[in-house]
Structure formats: C-alpha cells, structure tokens
Amino acid sequence: MLATDLDGTLVGDKGNLKALLDFYDSQTYKVSLVYITGRYYESALSLIKEENLPVPHVLVTDVGTGIYTGQSLEADLEWAEQLKERWKPEKVEEIAKRITGLTPQDLPLTNRCSYITSDSAVVEAFRSALNRAEIPHKLVYSGGRDVDVLPPGSGKGQALQYILDKYQLAESKLLVAGDSGNDVEMLTMGFPSVIVGNAQPELLAQAEHPFIYRAKEKYAGGILEAWNHFHTD
C-alpha cells in the first residue's frame, strides 16, 4: 500500500509518475493507493483528473480531516462525526482575528481553519493564544506559509492510523511518502517512509530514523527509489 501526499510528492514530474505507476503495474502484487493531501475534496478530485491519476482506494483531504472511500469516494461519516465532538471552528476564527499578520484562506469548508503567514513568530503567537483560550485543536505549519488549525484527533497521521485500523491493514507492505511539514506526523509513525528529494526545508530538518528514507530522486521518482529500498521482494 502506498500512502502518499499529492502536490510535491506523487505529482510534480510526469515522467517519474509514469515510471512509478508502470512499475506498480508490472508487479505480481497489487498496490492499494491512499492519497493524503492538504487539498479540499473538490480540489483533490480536480487534480486527480488533471494529472490522470489512478482513482485511489482511499482519499484523505484537508490535512487529514476528511476521509473518502470506495469507487465513488463517499465520505466516511464515522470519521466526520468523531471529529465534530470537540471541534469549535468559530472560536478558532475569533482568536485568529486578533492575530496581526495572519491572513485567512478562502476555502469552502468548516472542517479546518486555514491561514497564511510567512512569519513563524505569528504562528507561535496564534498557537499560544489558542492554548490560553483552551480551545481543543491541532495546529500544523507547513511550506513556510500555510497554517492549518484542525480538530483534535485529526491530521494526516491520525487519519492514516484510522484507515489502517478500520480496514485491518497494519500488516500491509506499506510506504508513506511526503514532502512538507504537514506530512511529518504520518512520516514518523514507524512505518517505512520516504522524504522525497525535493522536500521542503522543514521536512529535511527531521531527525534521522531507520524507517525514514531520504530519497535523492524527486517527486514520484523518490517514491519508486524508496519502494525499492524497503520492498525488494
């Protein structure tokens, strides 16, 4: 099973993408695909269509706050209900309005609150304000600009673990792939993982670990390089 981010990881080099997909097609085993992206649902579907990507078995959107499964990628309502229990987006937005230098992203959703800033001090001020207000949340800063505030218990790693548990896939031959800070959680779960060669600086700064492979190849080429590193049989 390949659990991969889309932009900057699976997608970014058409030649490398074709080589990876051709490689999987040539194997005696079938590789299930799980896409785990920061894009919202409709945007992820558009990218899948634009890049002519295989339809995944599971699509995880919005930095791990939406899960969609099956041929028609229907929402996993159990996951959605689970996240709603402690999620207070209106309170997050109230705090955000008081933070100078934080620009809201105009996104058609309520399952996360997203902002832009290139100043890490602004991020820390926001984080501190949310903590002082005791608002349940998870804050993820990635790419030196994107600030996502998520429901507690969500995130790319939590969503992946939920999928593995729900479908009893923990023993699968698995590779996790990413390129930016919002991928850290799923890359550090203890499964074979790859930081692709074009990764963002915040991801390259992660500590060395025997289960985290640092690819020389970029984008999908790094995924193929890591697959051959971990799964040679």
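# Sheets, helices, cores and salt bridges

K166 counts as partly exposed, because its relative accessible area is 37%, a value that falls between the limits for buried and exposed residues. The model that contains K166 is predicted. Its strands include an open sheet of 8 strands with mixed pairing and an open sheet of 4 strands whose pairing is antiparallel. The points below take up these sheets, then the helices and nonpolar cores, and finally the salt bridges.

**The sheet of 8 strands**

- Read across the sheet, the strands follow the order β5-β4-β3-β2-β1-β10-β11-β12, and the pairing among them is mixed.
- The edges are held by β5 (74–75) and β12, and since each has a single partner strand, one side of each is left without a neighbour in the sheet.
- At the β5 edge, strand β4 (residues 66–69) pairs with β5 in the antiparallel sense over 2 bridges, and T69 has E74 in β5 as its bridge partner.
- Helix α9 (residues 219–230) lies across β1 (2–4), β10 (175–178), β11 (193–195) and β12, and runs at about 150° to β10.

**The sheet of 4 strands**

- The order here is β6-β7-β9-β8, in an open sheet with antiparallel pairing.
- Because β6 (103–104) and β8 (138–142) stand at the edges with a single partner strand each, one side of each of these strands has no neighbour in the sheet.
- Helix α5 (residues 120–132) packs on this sheet, where it touches β7, β8 and β9 (146–150), and its direction makes about 175° with that of β8.
- Between β6 and strand β7 (residues 113–116) the pairing is antiparallel and rests on 2 bridges; T103 has I116 in β7 as its bridge partner, while P104 stands opposite Y115 in β7.
- Strands β7 and β9 also run antiparallel and are joined by 4 bridges, and the bridge partner of C113 in β9 is V149.

**Packing of α1 on α9**

- Helix α1 (residues 14–26) packs with α9 at an angle of about 35°, and the axes of the two helices are 7 Å apart.
- On the α1 side the contact involves N16, L17, A19, L20, F23 and Y24, and these meet A220, G221, I223, L224, W227 and N228 in α9.
- The residues of this contact between α1 and α9 divide into 9 nonpolar, 3 polar and no charged.

**Nonpolar cores**

- The largest nonpolar core has 31 residues, of which L2, L10, L20, Y24, Y35, L53 and I223 touch the most other members.
- Two or more residues of this core come from each of α1, β2 (33–36), α2 (41–50), β10 and α9.
- With neighbours within four places in sequence left aside, L53 is in contact with L6, L10, V11, L17, Y35, L47 and I48.
- Another core, of 23 residues, lies apart from the largest one and has I163, L187, F191 and A199 among its members.

**An exposed loop residue**

- A205 is placed in the loop between α8 (201–204) and β12 (212–214), and its relative accessibility of 63% is over 50%, so A205 counts as exposed.
- From C-alpha to C-alpha, A205 and D146 are 18 Å apart in space, while in sequence they are 59 residues apart.

**Salt bridges**

- The model has 14 salt bridges by the rule used here.
- One of them joins the side chains of D5 and K156, with an N to O distance of 3.2 Å; since D5 lies in the loop between β1 and α1 and K156 in helix α6 (residues 156–166), the pair ties together parts that are 151 residues apart in sequence.
- Both of these residues count as buried because their relative accessibility is under 20%: D5 is at 5% and K156 is at 1%.
- The side chains of E78 and K166 meet in a salt bridge of 3.6 Å, N to O, and this pair links distant parts of the chain, with E78 in helix α3 (residues 77–84) and K166 in helix α6, 88 residues apart.
- E78 is partly exposed, with a relative accessible area of 49%, and K166, at 37%, is partly exposed as well.
- E185 forms a salt bridge with K138, in which the closest N and O atoms are 2.4 Å apart; E185 belongs to helix α7 (residues 184–187) and K138 to strand β8, so that distant parts of the chain, 47 residues apart, are linked by the pair.
- E185 counts as partly exposed at 28% relative accessibility, whereas K138 counts as buried at 19%.
- Salt bridges with shared partners join D5, K156 and D183 into one network.

Technical notes
Residues are numbered from 1 along each chain as its sequence is written. This is a predicted model: local features need pLDDT of at least 70, side-chain atom pairs count only at pLDDT 80 or more; totals for chains, interfaces and linings use all residues. Side-chain values use heavy atoms; hydrogens and water are left out. Two strands pair if DSSP finds at least two bridges between them. Contact means heavy atoms within 4.5 Å. Axes are lines fitted to C-alpha atoms, for helices over the stretch in contact, and angles run from 0 to 180 degrees between N-to-C directions. Buried means under 20% relative accessible area, exposed over 50%, partly exposed in between (1.4 Å probe, protein chains only). Ala, Val, Leu, Ile, Met, Phe, Trp, Tyr, Cys and Pro count as nonpolar, Asp, Glu, Lys and Arg as charged, and the others, Gly among them, as polar. A nonpolar core is a set of buried Ala, Val, Leu, Ile, Met, Phe, Trp, Tyr and Cys residues joined through side-chain atoms within 4.5 Å. A salt bridge is a side-chain nitrogen of Lys or Arg within 4 Å of a carboxyl oxygen of Asp or Glu.
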